[in-house]
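Colleague: Got a minute to walk me through this one? I'd like to go over the cysteines and the domains.

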Amino acid sequence: MRYSRMLLPTSKETPAEAEVVSHQLLVRGGFIRKLTSGMYTFLPLGYMALQKVTDIVRQEMNRAGAQEILMPMVQPGDLWQESGRWQKYGPELLRFRDRHDRDYCLGPTHEEVVTDIARREMQSYRQLPVNLYQIQTKFRDEIRPRFGLMRCREFVMKDAYSFDVDDAGASQSYEIMREAYHRIFTRCGLDFRAVEADSGAIGGSFSHEFMVLAETGEDTLVICSSCSYAANVEKAAITAYSSDFSQEPPADLVRIETPGMKKVEKVAEFLKVQPRKVIKTLLYYIDKAPVAVLVRGDRVVQPVKLKNLLGATDITPMEEDQIWEQLRLPAGYLGPVGFPLQVVADQEVMDMVNAIAGANEKGHHYNGVNPGRDFQPDITGDLRQIDTSDRCPSCGGDLKFKEGIEVGHIFKLGTGYSDAMHATFQDSDGLEKSFVMGCYGIGVSRVVAAAIEQNHDSKGIIFPLPLAPFQVIILNLGPKDERYCQASERLYTDLRSHGLDVLLDDRDERPGSKFNDADLLGIPYRLTVGKIFEKEGRVELRVRKTGVTEVLTLEETGPYLVDLVQSAL
């Protein structure tokens, strides 16, 4: 492609609304343009990068035996009513009615539609296993779309769905997809990890997220330094913990004055103890019912763990005014002794001895609180967030925390959707059985942004070679000089004839502008026909990632660069 004929509007200015590097560089590089909140148009260069990801995904899905289909983006509400998600999914599901007053939604995912296909088209175990996938636009009405392609409302996604006769077959399909995902993200040239994850609104019993490691990631990953264990911080289990107080003899329960001491740190300082000695009592609406949640004073409640422990749909922290208006209890002085509502405790709380806790009276706490003697929680479990003091739940090794960007998620769904929608097949004994399902997603457009978050410098993007819209850019620094033009055209024709994706910068612009744009766009290899060519008849080859340069003759440049690109892919 010739730069002079391409819609490629680069800019030196960083857009004011762009908070992260990928958003800034995608706009500055002329890859995308905002249409409205959370919705972007892919300009030619952006669409080319998107297609590079799409091609890799499609090749590996086909290699894994999946079959590509294309389902409608608009979905009838009655399918979602059948599955039970019409009420559960929340406001991210954009609902509307057609002229006949029938309910529809824009598809954020396609479990219902593909389950409907299965129940209509697959009647026998002989047709299984089947894995169907599509690469298609999705819509989720995010309350606060941000970070450009990282969290938008409309995005491109690959979603696949497997159907098996039993759990063993479903586990095999899951492993096939996990291996395919490893190949996909390896081929994309990304540094990533597969981590245990929460299944969220999709449901299911088991899932893994594929995370691109980047400092700007929205998710925190827990990775063991000694074994292969890795998990999202929402999922990371705490299986071992120590109590500093287990050897203390139980003391009497004493009510003490703590005027104005509403925070754990203030109470601990006032009573000359460590925060770990305090039981922190927090109130939540759990599916609209108030519940008290207990953790050690130096710990943090992990909402996803709490939600899963209680099998809840919605969890919302109660505000101070709500606590007083509805329960007539003073926020900051809450405690489990004699508490009138349901109490849920983190497992670590149950090993505390002679703890301090609120007395449910303004300006007062209890000292000498002992779980089991002074209160008994209704439910106990792992509900706190893991931190650096914890050990690997798999091997007991040291843990490290890294930031990551989710680009893929695979789920074991079981029979939740097929049971709800009566999607069955006839097994080898002639009995009706529900399909055992799996679900596998990749945020195709998000991969482009994640690659940039992981690969950039102060000058611009550094695309991994497999995702670069062009593999080579040729800078003609003498567009009005016949010798420069002939050499540039020769290189352009030669490289393209060998199957390379080449951008020829034939614009009548200053050399500095051309160099800056080449760096901004992140094209892996740059050939410059400039001063060295004028003096020696040779061209300069520069690698964008390393900055390493070489000087080559016209004759050797083509074969050398072709080998370089092909060996790197």
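**Cysteines and domains**

Modeller: Sure, ground rules up front: this is a predicted model, where local features need pLDDT of at least 70, side-chain atom pairs count only at pLDDT 80 or more, and totals for chains, interfaces and linings use all residues. Residues are numbered from 1 along each chain as its sequence is written, and side-chain values use heavy atoms, with hydrogens and water left out.

Colleague: How many disulfides does the structure hold?

Modeller: A disulfide here is a pair of cysteine sulfur atoms within 2.5 Å. Take Cys224: its nearest cysteine sulfur, on Cys395, is 3.5 Å away. For Cys227 the nearest cysteine sulfur is also that of Cys395, at 3.6 Å. The disulfide count is zero.

Colleague: Is Cys224 buried or exposed?

Modeller: We call a residue buried under 20% relative accessible area, exposed over 50%, and partly exposed in between (1.4 Å probe, protein chains only). Cys227, at 26%, is partly exposed. Cys224 has 4% relative accessibility, so Cys224 is buried.

Colleague: What area is buried between domain 1 and domain 2?

Modeller: The bounds come from an automatic or database domain assignment, with domain 1 at 42-237 + 400-453 and domain 2 at 254-381. Their C-alpha centres are 38 Å apart, and the contact (heavy atoms within 4.5 Å) takes six residues from domain 1 and four from domain 2. Buried area means the accessible area (1.4 Å probe) that two parts lose on being put together, summed over both. Carbon and sulfur atoms give 48% of it, and the total is about 430 Å².
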